[in-house]
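Thanks for coming, everyone. Please look at the structure on the screen. I'll talk about one helix pair and two cysteines.

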Amino acid sequence: MKNNSLTIAGLMSGTSMDGLDCCIAKVAINKNWDFNYEIIATKSFDFNFNVRAKICENLGETQISNIALLDDFMGETFLNLSKDFLSSYKFDAISIHGQTIHHRDKVKTIQVGNPFYLGSFFKVPVVYNFREKDIDAGGNGAPLMPFLDWLLFKNSKENVFTINLGGISNLTFIPKGGIRKNVIGFDMGPGMCLSDQYMRNFFNKKYDDYGRLASKGKVIEKLLDKLMNNEFFYKKPPKSTSVENFSENYMSEILNEFNEINKFDFLRTLVNFTCRCIEQNISLYTNLNSNKDKIFLSGGGSKNITLVNDLKEMISPRIENFNYNGINVDNKEAFLMCLLGYTCVMKIPNNISSVTGASRELVCGEIYE
């Protein structure tokens, strides 16, 4: 590795709200944007029922006193989950995303997880709050993943599409030639948040393992039409959203209207809905050549075979799960945090203004020391 490298511990709690992903990696970027990295270790920790319930009941919260309590609670939770794992390694800094509880494009974003707890225990700088400066510069503050995708594929001789299937689905398009200002990236709608929510409420499971239960149902077109009747899916990029827009209240309204549908058909339709949102956005806002372009899937939803089969049928049979030089569907988001932490410490611009709509490229993140 180059002498400008740092070892960063990255912690990611994403829109699926199901746990904490950790990655320890050595990262280096030089003035020519040559990108080198080595993944040292990764591990994931599930949230217990109490942690997840606290997050869910605070989605959309803007009351300062309530946010402060949750900020401390999640900061302590991140430390308690990760400290035994992290204590086995040496690193220069910790980089945390925090748990998103509120997000409005170009207006406000809130991630909770007070860096004080990790910083006090490990005695290293903690990098956090990666979205706010982009919003201050007129951007959406999201999505963050296109920066990593651009670094990985900027020298590709093919167009590259990456689809991330977390709680929310998002897209990155890196045109061959890799010019930064030509990168497109945006949130497309629900990833797994609705089907996971339905699984918890009607099957008493965290998620549908490999999409087996959804495969037992059939798509109900009238329910699908209702779900697709949402202006966000037809809004031009830049755009982003959050699970607070697809919460229990959103689901309750749908359930009340379609309470006669059996649970396997309902689940199957929710999975197909995720696919339709993705297909709709790709066809409206990109020029995908399904016979030539590379298309990668990442995130937990990439393991849902029913959804993947839908995507292969509707978008391209050439879709494959992300596995690139040690970065895979399980560690990609946590590794992104290593990269963002590194670039913040080294004062390297780490947003992509063509993706977020910000007025300029800038160094996002704050450092707690």
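Helices here are DSSP runs of H or I, at least four residues long, numbered from the N terminus. Axes are lines fitted to C-alpha atoms over the stretch in contact, and angles run from 0 to 180 degrees between N-to-C directions. This is a predicted model: local features need pLDDT of at least 70, side-chain atom pairs count only at pLDDT 80 or more, and totals for chains, interfaces and linings use all residues. Residues are numbered from 1 along each chain as its sequence is written, and side-chain values use heavy atoms, with hydrogens and water left out.

Now the pair. Helix 9 covers residues 263-285, and helix 10 covers residues 305-314. They pack at about 40 degrees, with axes 9 Å apart. Helix 9 and helix 10 are therefore oblique to each other; angles under 35 degrees count as roughly parallel, over 145 as roughly antiparallel, 65 to 115 as roughly perpendicular, and the rest as oblique.

Who touches whom? Contact means heavy atoms within 4.5 Å. From helix 9 come R268, V271, N272, T274, C275, R276, I278 and E279. From helix 10 come T306, L307, D310, L311 and M314.

Next, the cysteines. How many disulfides does the whole structure hold? Zero, where a disulfide is a pair of cysteine sulfur atoms within 2.5 Å. The sulfur of C277 lies 9.1 Å from its closest cysteine sulfur, in C275, too far for a bond. C275 counts as buried, at 0% relative accessibility. C277 counts as buried too, at 0%. Buried means under 20% relative accessible area, with a 1.4 Å probe and protein chains only.

Methods:
Helix = DSSP H or I, 4+ residues; strand = E, 2+ residues; numbered from the N terminus. Buried < 20%, exposed > 50% of the residue type's maximum accessible area, 1.4 Å probe, protein only.
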